[in-house]
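Please work through the exercises below with the sequence and the structure open beside you. Each task is followed by a solution that goes step by step.

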Amino acid sequence: MSGSHACERCLARSWLLGALAGHLDVVRGRIVALLGLGCDELIAAVGGRERSRIALELERFDPARARAACTAAGLQPICGCDAAYPRSVAQLDSPPSVLYVGGGLERFLAALAAEPVALVGSRRASPYGVEVARSLGRSLGAAGIAVLSGMAMGVDSAAHAGALDAGALTVAVMPGGAELAYPASRRRLHARICATGAVVSELAPGCRPRRWTFLARNRIIAGLSAMTVVIEARGESGSLVTAAAARELGRPVGAVPGRITSPLADGPNRLLADGAVVIRGPQDVLDTLYGAGERTITSTTVAPDLPSELLALLGEIGDGRDTVATLAGAGYESDHALAALASLELAGYIRREPGGRFTIMP
């Protein structure tokens with residue numbers, strides 16, 4: 001696929017969001033309902049004193065100029081009128097009129113065909129939360145599952161990085177124009193995702209993030225995903241909005257349990273109390289999507305690039321031989337086992353626990 005897959009009417013509707021961006025910030029609490037309105041209704045609802053001017057500019061909208069801006073930004077637009085528009089996101093009550101895709105439309109659609117899993121959570125995640133997000137992203141990616149998130153600090157960025165570690169497809173849903181890295185400190189991550197995965201937004205190129213765009217972005221993450229997993233989130237986190245949107249669509253929601261004394265565990269634990277799937281590792285995600293035991297995580301899946309010797313050692317740890325002493329009983333020389341364990345720990349596949357035990361990262 002190449003070029004534009006967006007009609008003039010849908011491009012104009014998308015342009016209107018940028019024109020009304022400041023007005024929408026004022027009413028962001030109703031943003032999802034407002035995004036379901038037609039152009040005239042939306043202008044009447046939030047345009048205020050500028051309604052006439054905005055309506056006139058909409059009449060003068062130049063689709064050729066809009067398409068040229070997409071080309072200049074390296075984006076491919078696809079609208080709801082196109083047969084290839086993702087059916088998963090079309091099921092939203094207020095689906096984006098246009099999705100602007102960077103990294104390649106074909107690759108984006110291929111990622112959606114792989115039933116992507118959204119891994120979302122706190123921007124101010126704990127080291128444990130970041131560790132779990134990266135590990136889940138890597139393991140699911142190695143199992144052939146595309147990983148989707150919002151490229152925010154903390155959990156989101158770690159999930160993308162984990163998928164990239166596994167050489168897997170990952171998709172970032174941006175709060176501004178898809179060509180704009182946000183936050184700016186994640187420019188390198190944005191570039192890596194564009195190079196091998198995809199970035200996407202409902203906002204035309206050049207649109208800067210606003211407070212309402214983060215709320216609107218949550219529904220797209222849920223809409224594009226086959227399942228949403230919340231890793232760490234405070235009670236007011238946008239990740240819970242994403243989980244609520246997923247439930248409204250009838251999609252499964254999972255949560256990683258946390259310590260009841262941690263504010264970052266409030267969101268996931270609340271979801272679990274409401275019936276979310278307990279996520280103890282990548283196998284729980286696969287079991288939810290495909291049925292128990294239909295697809296399994298193996299040491300080869302989790303660590304596809306490791307030498308066979310280290311893969312074998314990873315299997316031994318998984319079978320309960322998780323100390324140097326028990327590995328020695330299985331035929332490993334102590335010095336050799338220590339060196340191999342250090343390699344696995346540095347690569348992020350295992351963690352050293354108190355008492356000299358090692359555990360495989362979730």
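**Exercise 1. Salt bridges**

Find which residues are linked with Arg53 in a network of salt bridges, and then state how many salt bridges the count comes to.

Solution. In this predicted model, Glu50, Arg53 and Glu57 are joined in a network of salt bridges. The count for the structure comes to 11 salt bridges.

**Exercise 2. A pair with unlike surroundings**

Decide for each partner in the salt bridge of Asp284 and Arg280 whether the residue is buried or exposed.

Solution. Begin with the contact itself, in which the side chains of Asp284 and Arg280 meet at 2.9 Å, taken from N to O. Next, compare each relative accessible area with the cut-offs, which are under 20% for buried and over 50% for exposed. Asp284 has a value of 11%, so this residue is buried, whereas Arg280 has a value of 66% and is therefore exposed.

**Exercise 3. The hairpin and its links to other parts of the chain**

Describe how strand 10 and strand 11 pair, and then trace the salt bridges made by Arg351 and Arg357.

Solution. Step one is the pairing: strand 10 (residues 350–353) and strand 11 (residues 357–360) run in the antiparallel sense and are paired over 4 bridges. Glu353 has Arg357 in strand 11 as its bridge partner. The two strands form a hairpin with 3 residues between them, and Gly355 in the turn has a positive phi of about 85°.

Step two concerns Arg351, whose side chain meets that of Glu131 in a salt bridge of 2.4 Å, N to O. This pair links distant parts of the chain, since Arg351 belongs to strand 10 and Glu131 to helix 9 (residues 127–142), 220 residues apart. Arg351 has a relative accessible area of 27% and is therefore partly exposed, and Glu131, with 29%, is partly exposed as well.

Step three turns to Arg357, which forms a salt bridge with Asp322, the closest N and O atoms being 2.9 Å apart. Here too distant parts of the chain are linked, because Arg357 is in strand 11 while Asp322 is in the loop between helix 17 (308–318) and helix 18 (324–329), 35 residues apart. At 44% relative accessibility Arg357 counts as partly exposed, but Asp322, at 14%, counts as buried.

Step four adds Arg352, which is found in strand 10 and counts as partly exposed at 45% relative accessibility. Leaving aside neighbours within four places in sequence, Arg352 is in contact with Glu345, Arg357 and Phe358. The C-alpha atoms of Arg352 and Thr323 are separated by 9.5 Å, and these two residues are 29 residues apart along the chain.

**Exercise 4. The nonpolar cores and helix 1**

Identify which residues have the most contacts inside the largest nonpolar core, and check whether the span of helix 1 agrees or disagrees with the expected value.

Solution. The largest nonpolar core has 38 residues, and Leu20, Leu24, Leu42 and Trp212 have the most contacts inside it. Helix 1 (residues 8–19) gives the largest share of this core, namely 5 residues. A second, separate core has 34 residues, including Leu148, Val173, Leu240 and Leu271.

Returning to Leu42, and not counting residues up to four places away in sequence, this residue touches Arg13, Leu16, Leu17, Leu20, Leu24, Leu34, Leu37 and Gly47. Among the buried residues of helix 1 are Arg13, Leu16 and Leu17.

For the span, helix 1 has 12 residues, which at 1.5 Å a residue should cover 16 Å, and its end C-alpha atoms are 16 Å apart, so the two values agree.

**Exercise 5. Unusual backbone angles**

State where Glu115, Met151 and Pro183 lie, and what is notable in the backbone at each place.

Solution. As background, most residues other than glycine have a negative phi, and most peptide bonds are trans. Glu115 has a positive phi near 50°, lies in the loop between helix 8 (105–113) and strand 3 (117–120), and is partly exposed at 32% relative accessibility.

Met151 also has a positive phi, of about 60°, and is placed in the loop between strand 4 (147–149) and helix 10 (155–165). At 0% relative accessibility, Met151 counts as buried.

Finally, Tyr182 and Pro183 are joined by a cis peptide bond with omega of about 0°, and Pro183 lies in the loop between strand 5 (170–173) and helix 11 (187–196).

Definitions and conventions:
Residues numbered from 1 in each chain as written. Predicted model: local features only at pLDDT ≥ 70, side-chain atom pairs only at ≥ 80, totals over all residues. Heavy atoms only, no water. Core = buried A, V, L, I, M, F, W, Y, C linked by side-chain atoms within 4.5 Å. Buried < 20%, exposed > 50% of the residue type's maximum accessible area, 1.4 Å probe, protein only. Contact = heavy atoms within 4.5 Å. Pairing = 2+ DSSP bridges. Salt bridge = Lys/Arg side-chain N within 4 Å of Asp/Glu carboxyl O. Expected span 1.5 Å × (residues − 1).
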